Amino acid sequence: MKPLTLILITLLLAGGSVGASAQETNAPPGQDFSSFDIIARKNIFDQSRIGVSALGSRRRQPRIERITLLAIGVDPTHGEAYFGGNDAPERFLKIGDHVDGFELSRITPDCVRLTNASNTFVLDMDDRRSLRRVDGGPWEGSSDQADPVDIATNSADDTAAAPAASAEAPHPGESAIERKLRLRREQEEK
């Protein structure tokens, strides 16, 4: 073939492809703005966005009320007990005083008896230290409380033996953790 013929065929083929690409760019758009609506609805950076769980019904947390026996004090004339809990007064109570609808009917060195119109509960410092109820239901005995607090030293009674030296004795108002840290520091300084 002649070179001129080859040039003409090449130009015709090139011109045809230019026309085809022009037709593709002039075509109407395949998607409009509403097709991108999902991006606006599920924008994870939107501060006013509400999660799916918030749209459904939320499960309400039950209200748990407690009465916890924290301390018993008994002398030859009378006894006193200190309670903690939701509506417990922040003072020592005597026989005849009330806590959360219960009357203190008996206080001994080992236990406290609480009575109301329908129930009588005995709380002690070893096994059953508290009462609990869920959503205003009936009171039940519970023993899921932490160890009692030793009021004399304001620390948990976790020492197995008596301190050997006066330096190891707990300081007034010092907790068990503070005592351990102090003793560790004293050992490191030696």
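**Exercise 1. Describe the overall make-up of the chain.**

The secondary structure of this chain comes to 4 helices and 10 strands, and the model in which they appear is a predicted one. The task is to state in what order helices and strands follow one another, and what share of the residues is buried.

Solution. Begin with the order: read along the sequence, the pattern is α-α-α-β-β-β-β-β-β-β-β-β-β-α. Next, turn to burial, for which the cut-off is a relative accessible area under 20%; of the 190 residues of the chain, 18% count as buried. The accessible surface can then be added to the picture, since it comes to about 14,600 Å², of which 54% belongs to carbon and sulfur atoms. Finally, consider contacts with a separation of 6 or more, where residues 24 or more positions apart account for 28%.

**Exercise 2. Find the nonpolar patch on the surface that includes leucine 8, and name the helix in which leucine 8 lies.**

Solution. The first step is to list the members of the patch, which are Leu4, Ile7, Leu8 and Leu11, together offering about 420 Å² of accessible area. The second step is to place leucine 8 along the chain, and this residue is found in helix H1, which covers residues 3-25.

**Exercise 3. Work out how strand E7 is paired, and with which strands.**

Solution. Start with strand E1 (residues 64-74), which is joined to strand E7 (residues 130-134) by 5 bridges, the two running antiparallel. Within this pairing, arginine 66 stands opposite arginine 132 of E7. Then look at strand E8 (residues 140-142), which pairs with E7 over 3 bridges, again in the antiparallel sense; here serine 130 faces serine 142 of E8. Last, examine the hairpin that E7 and E8 make, with 5 residues between the strands, in which aspartate 135 takes a positive phi near 50 degrees.

**Exercise 4. Determine the strand order of the open sheet of 4 strands, and explain why E3 and E6 count as its edges.**

Solution. The order is E3-E4-E5-E6, with antiparallel pairing. Strand E3 (98-99) and E6 each have a single partner strand, so one side of each is left without a neighbour in the sheet, and that is why they stand at the edges. As an example of a pairing, take E4 and E5, which run antiparallel and are joined by 4 bridges, with isoleucine 107 standing opposite valine 112 in E5.

**Exercise 5. Identify the largest nonpolar core, the elements that build it, and the surroundings of valine 99.**

Solution. The largest nonpolar core has 17 residues, and those with the most contacts inside it are Phe83, Val99, Phe102, Leu104, Val112, Leu114 and Leu131. The elements giving two or more residues to this core are E1, strand E2 (79-85), strand E4 (102-107), strand E5 (111-115) and strand E6 (120-124), and E4 gives the most, with 3 residues. To see one member in its setting, leave out residues up to four places away in sequence; valine 99 then touches Ile67, Phe83, Ala88, Pro89, Leu93, Leu104 and Leu114.

**Exercise 6. Trace the salt-bridge network around glutamate 65, and then describe the salt bridge of arginine 91.**

Solution. The structure holds 4 salt bridges, and a network of such bridges links Arg63, Glu65 and Arg133.

Take the first link of the network: arginine 63 forms a salt bridge with glutamate 65, their closest N and O atoms being 3.4 Å apart. Arginine 63 is partly exposed at 45% relative accessibility, whereas glutamate 65 is buried, with a relative accessible area of 6%.

Take the second link: the side chains of arginine 133 and glutamate 65 meet in a salt bridge of 3.0 Å, N to O. Because arginine 133 lies in strand E7 and glutamate 65 in strand E1, this pair ties together parts that are 68 residues apart in sequence. Arginine 133 counts as partly exposed, at 21% relative accessibility.

Turn finally to arginine 91, which forms a salt bridge with aspartate 97, the closest N and O atoms being 3.7 Å apart. Arginine 91 is partly exposed at 45% relative accessibility, and aspartate 97 is partly exposed as well, with a relative accessible area of 22%.

Methods: Residues numbered from 1 in each chain as written. Predicted model: local features only at pLDDT ≥ 70, side-chain atom pairs only at ≥ 80, totals over all residues. Heavy atoms only, no water. Patch = residues over 30% accessible without salt bridge, like charges linked within 9 Å, V, L, I, M, F, W, Y side chains within 5 Å. Areas by Shrake-Rupley, 256 points an atom, 1.4 Å probe, with all protein chains shown as cover. Pairing = 2+ DSSP bridges. Core = buried A, V, L, I, M, F, W, Y, C linked by side-chain atoms within 4.5 Å. Buried < 20%, exposed > 50% of the residue type's maximum accessible area, 1.4 Å probe, protein only. Contact = heavy atoms within 4.5 Å.
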